[in-house]
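Biologist: I should like to learn how to read a structure of this kind, feature by feature. Please show me the model, and then take me through it.

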Amino acid sequence: MNWGMKNRISRIIKPKTGRCVMLAVDHGYFQGPTTGLSRLGETVEPLLPYADALMITRGAIRNWIDPAADIPIILRVSGGISILKELSNEVITTCIEDAIRINASAITCSVYVGGEFEKETIENLSKLVDEGEKYGIPVLAVTAVGKEMARDARYLGLASRICVEIGAHIIKTYYTEDFGKVVEACGNVPVVIAGGKKLPELEALQMAFDAVSNGANGVDMGRNIFQSDRPVGMIKAVRAIVHDNKPVDEAFEIYKSS
Ligand code: 5RP
């Protein structure tokens, strides 16, 4: 791995703990104005001091994020689909030169193993890895789950391992029973979990705790933070679990008291 690649990964996954709290706000690229993200800038601004990185599209960053913000960017560069159609039919929407102009610390696309356009999404990932390797920009692969697919260790392990074999530098997947098997399938490649649909705060914190206890390097969480009644409390609580190994009850107190 070249110096630039290592440096960019270190900006996201903090060397002190080997962990990270990514804040995902890229939902609009296929969901439109998702609850909590209509005025994306207002939602994100108070959360930035507690996030290690921001997962976002180029359009959202230019509209709503101050270029002076001191936050590593994980740039969503795939899209071309909406919730109204087949989700796996993604293309690459942003070229590597634009990712460099934005000063992205990583680029990301979704891979739909088992989806109608499985091959095309794996091809998207392989092209991004080739481009990323050229310029020292790591690629985060999202193991997206089609409507009919089970989010179990067998499926997520299959999808994650395929992304590793294609060359992804970070894997984003979902927490599931037997999560350790998913992490094992990824070898030395760091793994983070998505939060998924909004859960009660205690459950979301338990999921973050279980994920890091079973080998995840952290979270790339969106709705369970920005759709919470106390988004700042929630991101602080998630941070306490991810970086400080706090138990769930202590983290829940942090959420409630913020
Ligand atoms: C969609 C994504 C989103 O970033 C991710 O799913 C959002 O996080 P959350 O599920 O926690 O809201 O990658 O494919």
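Modeller: Let us begin with the sheet: 8 strands close into a barrel in the order β1-β2-β3-β6-β7-β8-β9-β10, with parallel pairing. Two strands pair if DSSP finds at least two bridges between them. Strands (E, at least two residues) and helices (H or I, at least four) are DSSP runs, numbered from the N terminus. This is a predicted model, in which local features need pLDDT of at least 70 and side-chain atom pairs count only at pLDDT 80 or more, while totals for chains, interfaces and linings use all residues. Residues are numbered from 1 along each chain as its sequence is written.

Biologist: By what angle are neighbouring strands of this sheet turned against each other on average?

Modeller: The average is 25°, direction ignored. Axes are lines fitted to C-alpha atoms, for helices over the stretch in contact, and angles run from 0 to 180 degrees between N-to-C directions. Helix α11 (residues 231-244) packs on the sheet, where it touches β1 (20-24) and β10, and its direction makes about 150° with that of β1. Two residues are in contact if their C-beta atoms, placed from the backbone, lie within 7 Å.

Biologist: Which residues of strand β9 lie on one side, and which on the other?

Modeller: In a regular strand the side chains alternate between the two faces of the sheet. In β9 (residues 191-194), Val191 and Ile193 lie on one side, Val192 and Ala194 on the other, and all are buried. A residue is buried if 20 or more other C-beta atoms lie within 10 Å of its own, exposed if 12 or fewer, and partly exposed in between, with C-beta atoms placed from the backbone.

Biologist: How many bridges join β9 to strand β10?

Modeller: There are 3 bridges between β9 and β10 (residues 218-221), which run parallel. Valine 192 has glycine 218 as its bridge partner in β10. From β9 the chain passes through helix α9 (residues 201-213) to β10 in a right-handed β-α-β crossover. A crossover is right-handed if, with the strands pointing away from the viewer, the path from the first strand over the helix to the second runs clockwise. Strand β8 (residues 170-173) is also parallel to β9, and 3 bridges join them. Here lysine 172 stands opposite valine 192. The β-α-β crossover from β8 through helix α8 (residues 179-185) to β9 is right-handed as well.

Biologist: Why does leucine 205 count as buried?

Modeller: Leucine 205, in helix α9, counts as buried because it has 26 C-beta neighbours inside 10 Å. Setting aside residues up to four places away in sequence, leucine 205 touches Ala237, Val238, Ile241, Val248, Ala251 and Phe252.

Biologist: Where is aspartate 178 found, and is it buried or partly exposed?

Modeller: Aspartate 178 is in the loop between β8 and α8. With 13 C-beta neighbours inside 10 Å, aspartate 178 is partly exposed. Its phi is near 60°, a positive value in a residue other than glycine. Asparagine 103, in the loop between α5 (96-101) and β6 (106-111), also has a positive phi, near 65°. Asparagine 103 is exposed, because 11 other C-beta atoms lie within 10 Å.

Biologist: How many residues surround the ligand?

Modeller: The ligand is surrounded by 14 residues, the closest being Ala24, Ala194, Gly195, Gly222 and Arg223. A residue is near a molecule if its C-beta atom, placed from the backbone, lies within 6 Å of it.
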